[in-house]
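Got the viewer open? Keep the selection panel handy and follow along, one stop at a time.

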Amino acid sequence: MPQGQRSKRRAHDKCIWDRNDSKGHKRVRAAAVVQDESPSCSFSVLEGNPQVSSSTETSSISQGSWTASSTTIATNSDQCDESQDEGYSFSSNALSSVNPSSDILAIKLEMVEQYLLHKYKMRQPILKEDILKIVGKDNQYQFADILKKGCDRIEAVFWVDLKEVDSSNHIYDLVSKLNLPNNGRVYAGNGFPKTGLLMSILGLIFTRGNRATEEDVWKFLNMLNIYAGRRHYMYGEPKRLIKTEFVKLKYLEYCQVPGSNPACYEFLWGPTAHAETSKMQVLEYFAKVNGTVPSALLPWYEEALQDQERARAIEEARAGTSATARRDTMVLASSTPSDV
């Protein structure tokens, strides 16, 4: 690719990554930071003792504690202790001056996000009755909308779905959309999902012509305040996670760039990534993050469509071969010895 085209394409890529981090990611990452760095805050509403009534909520929400727009995202935090459950709760002391109605609903939304993330991190069941208490009696009619928006924002960062695991007791769980170990946590024990990080790297590889140099990967991750050798509050030590775990699980391939001297290395999609996801799903992930649709992400949408068509043709060919084999077997089985 000529140098001018390469620079233009990389500038376009960077624009997508910048929007990626500035829209959906920051709000939900802020929720993760709040519950990770302030584990002692308590949800008194979940204990049936709401300290704030609907008439006083508008004057009791503390700025910066729960509003993503005013929360600093401490992505370099190494205060992450994934083995300890300090008892997640919400205190009404977290409420201060905001405008009525829409601002209260925004705060409720972020409380729900924090609750969902904490329950996932601690591997505890998500209870509908808990979420109803967070939403509050006066906002019950907006329960479904608040929950959907919270799940959509979490999905856009972590690539997990909220699924009902016990319909009789209304118990839910956040489920990784890739088959990473420990439901997306990768490592044993408690922790945050690693699925969104993997999808981001797969997307970078895709938009770099289906291979991305190690240098490009770390430049991209540095834009998200993720650094090799520096513990991250959601991902642990990123270099180990990416170059050891993701490669060992065959989601990524890590190999020397052909002909490079001195040797440099690059990442490609591994066979597990090809089996569990697709270029179109990667584009859907970034479309969610950016509040757009995959068809707006040109020229990669066209490539993803072609990839989708090839996969469909392969599946149809396999189905046709299987059907022919079954028919031949049935004909053979129905034949008499004299026919044979």
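Where is the place of Pro262? Select Pro262 and you land in the loop between strand S5 (252-256) and S6. Keep in mind as you look around that this is a predicted model.

**Stop 1: the loop and its strands**

Stay on that loop and show the backbone from Asn261 to Pro262: the peptide bond is cis, with omega near 5 degrees. Now extend the selection to both flanking strands. S5 and S6 run antiparallel and are joined by five bridges. For one pair to click on, take Gln256, which stands opposite Tyr265 in S6.

S6 has another partner too. Strand S4 (212-213) pairs with S6 in the antiparallel sense, over two bridges. Pick Thr213 and look across to its bridge partner in S6, Glu266.

How many of the five residues of S6 are buried? Four are, so the strand is mostly covered. If you colour by confidence, S6 (residues 265-269) has the highest mean pLDDT among the elements of the chain, at 98.

**Stop 2: just before S4**

Step back along the chain to Asn210, in the loop between helix H5 (195-207) and strand S4. Check the backbone torsions here: phi is near 70 degrees, a positive value in a residue other than glycine. Is Asn210 buried or partly exposed? Its relative accessibility is 30%, so Asn210 counts as partly exposed.

**Stop 3: the three-stranded sheet**

Next, select strands S1, S2 and S3. They form an open sheet in the order S1-S3-S2, with antiparallel pairing. The edges are strand S1 (126-127) and strand S2 (160-166), each pairing on one side only. Two bridges join S1 to strand S3 (residues 171-176). To see where S1 meets its neighbour, click Ile126 and find Tyr172 opposite it in S3.

While you're at S1, look at the loop that leads into it from helix H2 (102-121), where Arg123 sits. Arg123 isn't a glycine, yet its phi is positive, at about 60 degrees.

**Stop 4: a covered glycine**

Follow the chain onward from S3 towards H5, and pick Gly184 in the loop between them. Why does Gly184 count as buried? Its relative accessibility is 0%, and the cut-off for buried is under 20%. Show what surrounds it: leaving out residues up to four places away in sequence, Gly184 touches Tyr120, Ser176, Phe192, Pro193, Lys194 and Thr195. Then draw a distance to Val160, 24 residues away along the chain: the two C-alpha atoms are separated by 8.3 Å.

**Stop 5: a pocket and a second cis proline**

Now select helix H9 (279-290) and helix H10 (300-334), each of which supplies at least two residues to the lining of the second largest pocket. That pocket has a volume of about 330 Å³. Which of its 14 lining residues are the closest to its centre? Show His274, Thr277, Ser278, Asp307 and Ala311 as sticks: those are the ones. H10 gives the most to the lining, with eight residues.

Between H9 and H10 there's a loop, and Pro299 is in it. Zoom in on the link from Leu298 to Pro299 and you'll find a cis peptide bond, with omega near 0 degrees.

**Stop 6: the parts to take lightly**

Colour the whole chain by pLDDT. The mean is 77, and 66% of the residues reach 70 or more. At the low end among the elements is helix H1 (residues 3-37), with a mean of 54. Over residues 38-45 the pLDDT is below 50, although this stretch has 29 contacts in the model beyond near neighbours in sequence. Residues 47-99 are also below 50, with 132 contacts counted in that way. Where pLDDT is low, the predicted coordinates should not be read in detail.

**Last stop: zoom out**

Reset the view and take in the whole protein chain, with its 10 helices and six strands. Buried residues make up 45% of the 340 residues. Of the contacts between residues at least 6 apart in sequence, 66% join residues at least 24 apart. Switch on the surface to finish: the accessible area comes to about 16,700 Å², and carbon and sulfur atoms account for 50% of it.

Technical notes:
Residues are numbered from 1 along each chain as its sequence is written. This is a predicted model: local features need pLDDT of at least 70, side-chain atom pairs count only at pLDDT 80 or more; totals for chains, interfaces and linings use all residues. Side-chain values use heavy atoms; hydrogens and water are left out. Buried means under 20% relative accessible area, exposed over 50%, partly exposed in between (1.4 Å probe, protein chains only). Contact means heavy atoms within 4.5 Å. Accessible areas come from the Shrake-Rupley method with a 1.4 Å probe; for residues, only the protein chains shown count as cover. pLDDT is the predictor's confidence in each residue, from 0 to 100. Two strands pair if DSSP finds at least two bridges between them. On a 1 Å grid over the protein atoms alone, a cavity is a set of points where a 1.4 Å probe fits but cannot get out, and a pocket is an open set with protein on both sides within 12 Å along at least five of seven lines; lining residues have an atom within 4 Å of a point. Grid points are joined across faces, edges and corners, and a volume is the space filled by probe spheres set on the points.
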